[in-house]
Each structure stands twice: as structure tokens, then as C-alpha cells.
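Me: I'm new to this structure, and I'd love a close look at one part of it. Could you walk me through how the helices pack around a single helix?

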Amino acid sequence: MERFFIRVQSGSSEVLIWAKSAVLFIDSGSGERVLQISDGYRYESNPAQGGMTVIRFGEHSIRIPLKNSGEMDSLAAMPTLELWQQTDNESQAEFQWRIAIILSAPLLALLAFPSSYTAPRQGRYSKIAVAILIYAVYASVLGTMRGMIARGDFPPLLGLWWIHLLVLGLALWLLRKYYGKPA
């Protein structure tokens, strides 16, 4: 790599490294990735101490450990069917979140119809603020409830389903209000 630049944040200090060239290779002895940086500068700033250190170097190496690809390091990487079979709160929250993303698209599309309805003398963009507000509240409540389920503050059985039912009810009510025929 030519004209290499990297920024690393560790705690309150920040390290910037700029170099003319860099090479990434795997060390045959340890099996770790090594980034060898040549002919550059290392800038270290620490706001707590109020100063900056500049180091000029000819060669600088950074070891980058390899991740074991066989391990699941988070729930986000776990397949959906495995999440469904798990009983802990974090897994249930992640499973319901994945389903919520799928359900929210058609529900928001259903809300788009009454949000786009305008009367003849009404402004063309009068309901866009209301539509944005509905979306913001919907997404915020979904995210908040996901966290509450993961922490165990809300029962996973109720989960996120009730939020979708409320939005579906709102969409159907608005559709009937603007497009339904009075009885």
C-alpha cells in the first residue's frame, strides 16, 4: 500500500499513523497477520494530559490477530432457525427483531396510502411530517422494546408483536377513514 493512513482510538487517547508504504503479511512463526509500515509518522494525542507526541519511524509493525471463523461471536451471526430454538432473552430479542424488519416494510407501505391522500384544496405535502413522525415512533418503540426484551424487562412472549398489531390497526383505520365508503 502506498501513502498509508490509519487512525486508532484507545480510551481517551487517539493515534494517527501516516506512512509512505505498508505491507500486510502473515507471520510464519505465530500465524498472526502483521502490518509492516515503513517510513512514516505516528501522532499520539491524549486530551487528558493536553499534548501530542510525534514519532518519526523507519519501520513500524502492528500485529493483527486472526479471528476464528468457526466461532459465533455474536447473535447477529447466528442463523435464524437456531435463534428460534433458543430460549434466552437475548436470542428471542434478536429473532423477533429479524421478523420485525420483515413485517415493518409491508406495514409502512400500507401506511403510505392514507399518508399520500390529499383533498382537492389541501397541500400536496401536508401529511409528510405526520408520516415521518409515525415512522420515527414505530422504529423507536421497536428498538426500545428489543432492548427491554434482551435485558429481561419485558416478556419475550408478548415481544414485538403487539407493536405491529397497533400499526396495522392504525393503517386499517386510516385506510377506512380516507378510502372507505360511509355506511
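Reply: Here is a tour of helix 3 and its contacts with two other helices.

This is a predicted model, in which local features need pLDDT of at least 70, side-chain atom pairs count only at pLDDT 80 or more, and totals for chains, interfaces and linings use all residues. Residues are numbered from 1 along each chain as its sequence is written, and side-chain values use heavy atoms, with hydrogens and water left out.

The chain has a mean pLDDT (the predictor's confidence in each residue, from 0 to 100) of 86, and 93% of its residues reach 70 or more. Confidence is highest in helix 3, at 93. Helices here are DSSP runs (H or I, at least four residues), numbered from the N terminus.

Let's begin with helix 2 (residues 89-116), whose axis lies 10 Å from that of helix 3, at an angle of about 170 degrees. Helix 2 is therefore roughly antiparallel to helix 3, a label for angles over 145 degrees. Axes are lines fitted to C-alpha atoms, for helices over the stretch in contact, and angles run from 0 to 180 degrees between N-to-C directions. Contact (heavy atoms within 4.5 Å) involves residues including W97 and L108 of helix 2 and Y135 and R146 of helix 3.

Now for helix 4 (residues 161-179): its axis and that of helix 3 (residues 128-151) come within 10 Å and cross at roughly 165 degrees. So helix 3 is roughly antiparallel to helix 4 too. Here I134, Y138, V141, L142 and M145 of helix 3 meet W162, I163, H164, V167 and L170 of helix 4.

Definitions and conventions:
Helices (H or I, at least four residues) and strands (E, at least two) are DSSP runs, numbered from the N terminus. Angles under 35 degrees count as roughly parallel, over 145 as roughly antiparallel, 65 to 115 as roughly perpendicular and the rest as oblique.
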